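Student: Please take me through the salt bridges of this model in detail, with the cut-offs behind each term. I would like to know how the charged partners are placed in the chain and how far they are covered.

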Amino acid sequence: MNIVSVFGTCPACIWRTVFSRIAAMLAFVFFVAVPVGAGEPDPQFDGHRRIDLWQGVKMPNSRGLHITDSVSNHRTWRIASPRLYAFQPCADERTNTAVILIPGGGYAKQAYEAAGITMARWLNSIGITAFVLLHRLPNSPDLTNGWEAPVQDAQRAVRYVRANAAEYGIAPDRIGVMGCSAGGHVCACVSTIADDMSLAGDSLDRHSFRPDFAILVSPVIRMTDGLEKHFLCSEAGNEELLARYSMDRHVTPANPPTLFIHASDDRTVKPVHSLSMYQALIDKGVTRSSIHIFPFGRHSIAVRRQPGTTALWPEIAERWMEETGFLEPLKYGR
């Protein structure tokens with residue numbers, strides 16, 4: 001196959017096509033490389049304002065290296081400054097509930113569009129204020145202890161939202177976390193770990209870092225296999241660290257009520273992960289928790305295009321938040 005057969009028979013068309021593709025590639029590179037400062041609208045997040053979590057304080061667990069973001073194909077591969085993006089519903093439909101979304105990606109990346117922005121839009125449609133968290137990844141060269149960073153950033157995110165609840169029109173006792181896959185593991189950690197890993201010496205320290213409820217979709221719970229074990233715990237590579245981050249071993253009555261969504265045919269993160277955490281919550285008396293394991297969905301449960309009964313999970317999540325008292329039902333016709 002030659003270049004004519006690919007682009008057409010007209011020489012002018014060939015060069016126009018080549019130059020247009022080169023221009024598109026350069027535009028993409030430039031778009032990714034342009035830095036967005038704290039408080040500025042970010043085009044990759046539909047113009048939503050960037051909220052840097054550690055602005056004005058010393059970021060814990062940092063070597064102080066100068067690194068830059070690495071973002072490609074709607075995924076983050078490295079984050080220099082952990083941050084939130086706020087997605088607010090329209091005023092007429094807003095409830096006083098907030099959810100912090102933590103996208104997954106095997107701790108090697110974060111799929112912030114499919115498991116962040118899309119989820120945020122759905123939450124907005126039922127009156128929930130959503131925040132998408134981009135946390136540091138364990139393989140960042142700036143980290144002293146890679147496995148601590150995602151939890152530190154998640155704790156700080158909960159503190160930020162709680163401290164600024166009045167600004168966003170939300171209740172400080174209706175703040176949840178929601179994550180898919182490795183993001184679900186971060187949610188389980190911030191719901192379970194009692195150690196304060198995010199002390200910064202500022203006013204946010206006095207606010208609780210534990211969420212009021214959690215929704216875990218196809219979550220990693222046990223550090224027994226898969227990419228999560230490799231990327232999160234490879235630095236120490238010992239059984240003590242693997243046990244520390246297997247969250248079903250550390251549940252207490254202080255854990256928040258948790259909803260689990262999983263698929264029986266998930267071979268990437270098997271449903272036993274959700275089952276083990278749910279059983280631990282029941283054993284500790286966290287009785288408002290719930291679990292739904294659907295026959296199909298594999299490791300691809302999302303808001304849209306789900307098979308069979310799996311398509312019902314967003315409504316189940318909404319009804320669960322209502323019946324547990326974390327979401328005020330929308331009043332239609334007002």
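Tutor: What follows goes through the salt bridges pair by pair, with the burial of each partner. This is a predicted model, in which local features need pLDDT of at least 70 and side-chain atom pairs count only at pLDDT 80 or more, whereas totals for chains, interfaces and linings use all residues. Residues are numbered from 1 along each chain as its sequence is written, and side-chain values use heavy atoms, with hydrogens and water left out.

A search of the whole structure finds ten salt bridges, the term being used for a side-chain nitrogen of Lys or Arg within 4 Å of a carboxyl oxygen of Asp or Glu. One of them joins the side chains of arginine 50 and aspartate 52, with an N to O distance of 2.5 Å. Arginine 50 has a relative accessible area of 10% and is therefore buried, a word that stands for under 20% relative accessible area, while exposed means over 50% and partly exposed lies in between (1.4 Å probe, protein chains only). Aspartate 52, with a relative accessible area of 15%, is buried as well.

Another salt bridge is formed by arginine 162 and aspartate 212, whose closest N and O atoms are 3.0 Å apart. This pair links distant parts of the chain, since arginine 162 belongs to helix α4 (residues 149-163) and aspartate 212 to the loop between α6 and β9 (213-217), 50 residues apart. Helices (H or I, at least four residues) and strands (E, at least two) are here DSSP runs, numbered from the N terminus. Both partners, arginine 162 and aspartate 212, are buried. Helix α6 (residues 182-192) is itself mostly covered, with eleven of its eleven residues buried, among them His185, Cys187 and Cys189.

A further pair consists of arginine 319 and glutamate 315, whose side chains meet in a salt bridge at 3.9 Å, N to O. Both residues lie in helix α10 (residues 313-323), where four residues, about one turn of the helix, separate them. Arginine 319 has a relative accessible area of 41% and so counts as partly exposed, and glutamate 315, at 44%, also counts as partly exposed. The pair belongs to a network of salt bridges that links Glu315, Arg319 and Glu322.

To set the burial side by side, arginine 162 and aspartate 212 are buried, whereas arginine 319 is partly exposed.
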